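Biologist: Please go through this model with me, one feature at a time. I will ask, and you can give the reasoning before the value or name.

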Amino acid sequence: MPGLKQPVLGIIASAAIMVVSLGLISVFSFEAFSGWVAYGLMCLIPTQIVIAVLWKGSHPLWAGSRRQPLKGLLLIVTNVLVGAGVVLVYHRTVGGGLSPTPMLVQCTIVSVVVMFWFAIMWGGWPFNAAIRDPVPAGMVLIAVSYGINVFLFQLLFNYEFMKDAPVYVASLDPHGFFNAWSALVFYVTSLSAMFLTLHFDLWPLTKFPRVMSQPALGMAWTVIVLALGAGMFLMGTRVLEMDVVDFLVRVPIPFIFGTIVVLNMLQNSLFPSLRQPVKGIANAFAALVIGNVLAMVYGRFMGVVTGALSSGPPAYQSEIWLASALLSVTFPFLIFYAEFFEFWPLKRR
């Protein structure tokens, strides 16, 4: 078994993590799962991104220098310690010290998007340029990212459309410029556009060496992603007139989830002989198909794992369950196993 090669290794690992994720979800009621559980796990993801992307699982040294499985366990401990601080701070500030409200949960969701923007599109710049030690640079990045996220949340998100709902808390409503669901879906759609560019290994930007260093890369990549995200969002919600939340769980979320499987779990092994841009097209199509198939599988298990849930407005129970199951639970668990544990014990150095 430890001699497994890709893509078999990634397929077996992904299936095992999905079973574990659904098992965990089954322990909780829908209210607990979509509230405290989803909120707590999402507070881990930005730090997880820093550990996996910027620290490459090697820092802090007291964790990253160990052998598996101790290395993976210590990296998770590091992740949880930082995430626990985020849980407390965001709960007392954005959440007003109450049980997780839609405002707190959605602000936490978009904090993940902001961190992806900093860590991947900007490569940790300018923090890793100003601070040579990767650990304090990463910690400063985490703090600044969360701060910028709150600023954007206060500026953009508006919850007045749910003022008659029992979950609405007027004092926590930022009264921003856009309907909160529309703002959230645009964030996630733009994130899916960023993942789309990763399938192409940043082609055609790689043809322009001057663009491939920061901050030029971050600026160019941001413009491309926002343009693609806006086009996808408008096509789905305006041209095709899809409900904005239905669009969220049918298009960007399955594609993001499929991309994690293709690029992280299968380690980009599906089309090794193809060159860009053909490889990007093949990878993106595979991610789209895999993500949608897995979303359908999760949807089939919803009733067994959690029970019957309503679909559509105003509660969007089944949509919230699916989004949380894929991206709040299974996504971080996949990254824990692939990046922190390095597929141990299925794969050994």
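The turns below cover salt bridges, backbone geometry, buried residues, the largest pocket and a surface patch.

Biologist: How many salt bridges does a search of the whole structure find?

Modeller: The model is predicted, and side-chain atom pairs count only at pLDDT 80 or more. Side chains of opposite charge can pair when their charged atoms come close. A salt bridge here needs a side-chain nitrogen of Lys or Arg within 4 Å of a carboxyl oxygen of Asp or Glu. A search of the whole structure on that basis gives two.

Biologist: Which residue forms a salt bridge with Glu342?

Modeller: The closest N and O atoms of this salt bridge are 3.3 Å apart. The pair links distant parts of the chain, with Glu342 in the segment after α14 and its partner in helix α5, 271 residues apart. Glu342 is partly exposed, at a relative accessible area of 22%, whereas the partner is buried at 5%. That partner is Lys71.

Biologist: Which helix holds both Arg250 and Asp246?

Modeller: The side chains of Arg250 and Asp246 meet in a salt bridge, 2.7 Å from N to O. Asp246 has a relative accessible area of 23%, so it counts as partly exposed. The two residues are four apart, about one turn of the helix, and that helix is α11.

Biologist: Which residue does a cis peptide bond join to His59?

Modeller: Most peptide bonds are trans. The bond after His59 has an omega of about -5° and is cis. The residue on its other side lies in the loop between α3 and α4, and it is Pro60.

Biologist: What is omega for the cis peptide bond that joins Trp344 and Pro345?

Modeller: Pro345 lies in the segment after α14, where Glu342 is also placed. The cis bond joins Pro345 to Trp344, and its omega is about 0°.

Biologist: Is Lys56 buried or exposed?

Modeller: Most residues other than glycine have a negative phi. Lys56 is not a glycine, yet its phi is positive, about 50°. Lys56 is found in the loop between α3 and α4. Its relative accessibility is 63%, and the class begins over 50%, so Lys56 counts as exposed.

Biologist: Where is Asp201 found?

Modeller: Asp201 is not a glycine either, and it has a positive phi of about 55°. At 41% relative accessibility, Asp201 counts as partly exposed. Its place is the loop between α9 and α10.

Biologist: Why does Ser145 count as buried?

Modeller: Ser145 lies in helix α8, residues 134-156. Leaving aside neighbours within four places in sequence, Ser145 is in contact with Ser111, Val114, Met115 and Phe118. Buried means under 20% relative accessible area, and Ser145 counts as buried because its value is 2%.

Biologist: What is the relative accessible area of Val185?

Modeller: Val185 lies in helix α9. Beyond its neighbours within four places in sequence, Val185 is in contact with Phe233, Val244, Phe247 and Leu248. Val185 is buried, and its relative accessible area is 0%.

Biologist: Which elements are included in what covers the buried residues of α2?

Modeller: Helix α2 spans residues 30-42, and its buried residues include Phe30, Phe33, Tyr39 and Met42. The cover over the buried residues of α2 includes α1, α3, α5, α6 and α14.

Biologist: Which element gives the most to the lining of the largest pocket?

Modeller: The largest pocket holds about 1100 Å³ of space. Of its 47 lining residues, the closest to the centre are Pro102, Gln106, Trp181, Ala315 and Ile320. Elements that give two or more residues to this lining are α2, α6, α9, α11, α12 and α14. With eight residues, the element that gives the most is α14.

Biologist: What is the area of the nonpolar surface patch made by Phe285, Val289, Val293, Val297, Phe301 and Val304?

Modeller: One of these residues, Phe301, is in helix α13, residues 278-305. Patch residues need over 30% relative accessible area, and Phe301 is partly exposed at 38%. The six named residues, Phe301 among them, make a patch of about 550 Å².

Definitions and conventions:
Residues numbered from 1 in each chain as written. Predicted model: local features only at pLDDT ≥ 70, side-chain atom pairs only at ≥ 80, totals over all residues. Heavy atoms only, no water. Patch = residues over 30% accessible without salt bridge, like charges linked within 9 Å, V, L, I, M, F, W, Y side chains within 5 Å. Areas by Shrake-Rupley, 256 points an atom, 1.4 Å probe, with all protein chains shown as cover. Buried < 20%, exposed > 50% of the residue type's maximum accessible area, 1.4 Å probe, protein only. Contact = heavy atoms within 4.5 Å. 1 Å grid on protein atoms, 1.4 Å probe; cavity = no way out; pocket = protein on both sides within 12 Å on 5 of 7 lines; lining within 4 Å. Points joined across faces, edges and corners; volume = space filled by probe spheres on them.
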